[in-house]
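Biologist: Thanks for making time today. Could you take me through this model and tell me the reasoning behind each label you use?

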Amino acid sequence: MLTGLALASSGARTAGFDFSFSKGALAPNEIFDSATSPPARYLVELGRRLVKAAPAADVLVIANPLLPLKAQQIADWIKDGIPCPAILSDEKDFPLLYILPRRLFEDSERFLLLLSTVDAGIDARLLEGVLGDKVTWRRLPQIRIGSYPVSTATGWFQGSDRQKVLKVLAANAIKIIEGNPHWRDVPFAVYHPYHAGSIVFFAAASRDVSTPLFQRHIICSTYKDIVAVSDSRLEPIWLKLPWLPRDASVGEPQYFGAALDRLGEDVVASNFIVFMRYSRNTGYGPFHLIDHDRFSLGESLDRPEKIRQVQAPLVSAKCKLAAQPLKVLFHITGGLPIKNYPLDYAKVACRSLAGMGIEVSVIGRPDLEPYGARSIEADETDLLSEAVSRHHIFVGLDSFPHHFVRNVMGWPTIGLFGTTTATNFGGGWNAHYRSLDVSLPCHPCGGERDCPVFGRKECSNYAKPQELIAAIVEMAQQVYGFTA
Amino acid sequence: MSVRVLAFFDTRYQSSPDIQRLGGGTDPWRPLLDARPVSRQHFALNMPSTLGRYDLTDQAALARVVGMAIQAGIDGFVVDLRWAGDGYVTGSQVLAPACSDTFGLAFRWRNGDEPFWKAPAAPEQRLERARNLVAALKVGTATAADGRTLLIVDSPKDLALPADTIALLQREARRGGLAGLYVVAHRAEDKGRFLSNGFDALIDPGPADWHSCPPNNRTSGLDFLEVMAGLKDSVEYLDKFFPYLLFAVSRMINREQRGKAFPRVFPSFYNWAQYPDGGATHLVNQGNRAIETYWYGLFMENAMLFAHQAFPANERFVFLESWNGWLDGSQVEPSLLDGDLVYNATRDAIDRGRYVIRTREIAPTGGLDEQLKARIALLVEAAQNLS
């Protein structure tokens, strides 16, 4: 479903290469599946793979990553010959193929990130600017892509409004290239301004990219406290807008329009902005969001051992207090009832831990005090950091405090997962991290209202108190030498 | 070791003389070709596409079948073991050349069809029958479970002397040169104390044998009268229709209370062809679809993660029903109606499951000692009572 041809003009030899979005094996014919990568990032990756696989090729034909195409099919489309550089589109203007000189991938691949991949006219002009050559645009009359769906069988999460965003950014890039003689020095900026957990993931990813394509990151200014402690390698561009509300009252493309207005002409004219909010469904692949972001930022992740999830954590720290009495901090309120750790489980966990002489603090849950817990407030990043530092182990849901504590503080953490997956959002297993769930077949449903299976307000996929307590004690033994 | 996925495999699709002894006709595909739905609520049976209507005695066809299974991430087939009057037969001789260290065979003993074991018998007769059974297991490469040949007992309650029978089979297996048997009872939970009778584990029964949630169609006396009056389709009264997702989730919930039971995963299921007079089981997605690969994929992936968490390293299995169960719609093989949709969903789900397991294996947990586990269990029970 990701495909290309390598052409060698010398012998007119053609080699076809078909790849698929990896489900985890990362076999040689698979490409990492990153939800935060726009279609053009896959175009760059295909170029890298083709250059490597066909060293003698001087022309690369790359199928639009948004389309489910095979090498045999695209070879048929160009069998009568097509000049290079060129774009072959459907009967209107949806790009089917990019016919590009190899040198583009060798010295200017990052500019390919600016392609819209949804408008052949815009992309032809952009390529002309980058290459300094005329780009031929041909149409294939028998194909009409029509209205691109919001969600596709190959995992794309698009729709026409989202694709307008890609066009606007490509058009802006043309403006920069045509108007700024020093356009090759213009920095690349990630557009992924929210939410808090994502900011943490991007910061972690930025520290873990060997060939970075980006220098800047557009971020809501409300996250300044997070950025201050997250050690990102990307320079922030502050967006003075509140983050996108989670109730879907504002659409992502509409927010994007407001964001460009608020950033102002100077910022827009002095940065190549690349859309890195979600272009694909996050749960389509099994990979962690930090690895999604690493791929987006330029890392190829073409072998299993390159995945962050199977490596030692980037940061690792632990509590300096004596192991006895063991102190555990819980954050088990997810903002929506279905995301909360079930109340009955929480009561039993608190009471049982207290019975073992383990001190339990819970963020923002005075209702659990009768069960042996102490409720504390930690609604700011510095308060959270301070509270965590006074506890040996943090137990959290799939939300910002968990991601922050694990990826910024490197604290011993147990992640509780209900409607979402540890593999996408957890912390990477090691002595300092465990994720817990009961692996029900509905997991992840991604539900934000009632349980889609049982209709209840609580999620049945959360680990039961007994497993949670066992995990806490086991981690305490491993990390702190705790004895129960 | 990662979780192994074993698929139930019907060996009757072959033209060898064994086919008659296995209960097949001269053309093993004939029942599939002849099956006709008798209701609009019966999903049409599917037909093979990529692999065609193969004959397993054809080595090239066999290689394609096994090759595709391996490509999907399947680690072996489970074949039926039946008494054929003068000996046990599996039809798996044809599979032997395709077996290897990474693709093996396990066996499902269809003991329910065999009256012999339902009643006490003379020791020498039992011994001879047991030797016969063990001899039939020595085909190809066995899937090793804890180092032993894996044998599923299909009807454990039909064994008159279960503990004696299992002990006898174990003895004969070792005497016959096997490392022993890993005996699995076909039961949803350990209520019959199977594990203390010598069984090593349990396996979830198939969809027809374990209706894990209430059916969508709960019929009343009025329904019965309407059917009798010709006002309603009789299958609404006679067959049972279940929502796939609830059916699957109900099997996986609270598993810790059921003992050591291996999950059985199925992409779809509708066995009306085996119940021409009614009584069939149908799994339905969104009211009217036989297969929803999204939920099936999650069923497989999560079953693998469960097996990884719940079982010792050499005993981590998920059973897939089925590779070629064309007559109950559970087949994974590419088909005319679904193309390679189910096959790809299987491969993707296994890939995903193995990926997640790999990320968790980098730091295996030491585990808690049993005393501490028991103490935690007691504390939790006390806290539950107080709450």
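**Labels and the reasons for them**

Modeller: Happy to, and bear in mind that this is a predicted model. Let me begin with A:Pro325, which sits in the loop between α9 (289-296) and β12 (327-331) of chain A.

Biologist: What kind of peptide bond joins A:Gln324 and A:Pro325, and what is its omega?

Modeller: That bond is cis, with an omega of about -5 degrees. Chain B offers another case: B:Glu321 and B:Ser322 are joined by a cis peptide bond with omega about 10 degrees. B:Ser322 belongs to the loop between β13 (317-320) and α10 (341-361) of chain B.

Biologist: What makes such bonds worth pointing out?

Modeller: Most peptide bonds are trans, and most residues other than glycine have a negative phi. On the second point, look at A:Leu301: this residue is not a glycine, yet its phi is positive, about 45 degrees. A:Leu301 is also in the loop between α9 and β12 of chain A.

Biologist: Why are α5(A) and α8(A) called roughly parallel?

Modeller: Helix α5 (residues 160-179) and helix α8 (residues 252-269) of chain A pack at an angle of about 10 degrees, their axes 10 Å apart. Angles under 35 degrees count as roughly parallel, and therefore α5(A) and α8(A) earn that description.

Biologist: Which residues meet there?

Modeller: From α5(A) they include A:Val165, A:Leu169 and A:Ile176, and from α8(A) they include A:Phe256, A:Leu260 and A:Val268. By class, this helix contact has nine nonpolar, two polar and three charged residues.

Biologist: How do you know that A:Arg144 forms a salt bridge with A:Glu91?

Modeller: The closest N and O atoms of A:Arg144 and A:Glu91 are 3.8 Å apart. The rule asks for a side-chain nitrogen of Lys or Arg within 4 Å of a carboxyl oxygen of Asp or Glu, so the pair qualifies. The two residues are 53 residues apart and link distant parts of the chain: A:Arg144 is in the loop between β7 (136-139) and α5, and A:Glu91 is in the loop between β5 (86-89) and β6 (95-101), both of chain A. Over all chains, the search finds 53 salt bridges.

Biologist: How many salt bridges cross the interface of chain A and chain B?

Modeller: The rule finds one. A:Lys464 pairs with B:Glu256, with the closest N and O atoms 2.7 Å apart. That is within the 4 Å cut-off, so this pair is called a salt bridge too. Polar contacts across the interface number eight residue pairs.

Biologist: Which helix gives the most to the side of chain A that touches chain B?

Modeller: α14(A) does, with seven residues. By class, that side of chain A has 24 nonpolar, 16 polar and eight charged residues.

Biologist: How many residues does the contact take from each chain, and what area is buried?

Modeller: Chain A gives 48 residues and chain B gives 42 residues. Between them the chains bury about 3,900 Å², 63% of it on carbon and sulfur atoms. In chain A, the residues that lose the most area to chain B are A:Lys23, A:Trp429 and A:Pro441, together 18% of what that side buries.

Methods:
Residues numbered from 1 in each chain as written. Chains lettered and ligands numbered in written order. Predicted model: local features only at pLDDT ≥ 70, side-chain atom pairs only at ≥ 80, totals over all residues. Heavy atoms only, no water. Contact = heavy atoms within 4.5 Å. Buried area = accessible area lost by both parts, 1.4 Å probe. Polar contact = N/O pair within 3.5 Å; in protein donor to acceptor, adjacent residues only side chain to side chain. Helix = DSSP H or I, 4+ residues; strand = E, 2+ residues; numbered from the N terminus. Nonpolar A, V, L, I, M, F, W, Y, C, P; charged D, E, K, R; others polar. Axes fitted to C-alpha atoms, helices over the stretch in contact; angles between N-to-C directions. Parallel < 35°, antiparallel > 145°, perpendicular 65-115°, else oblique.
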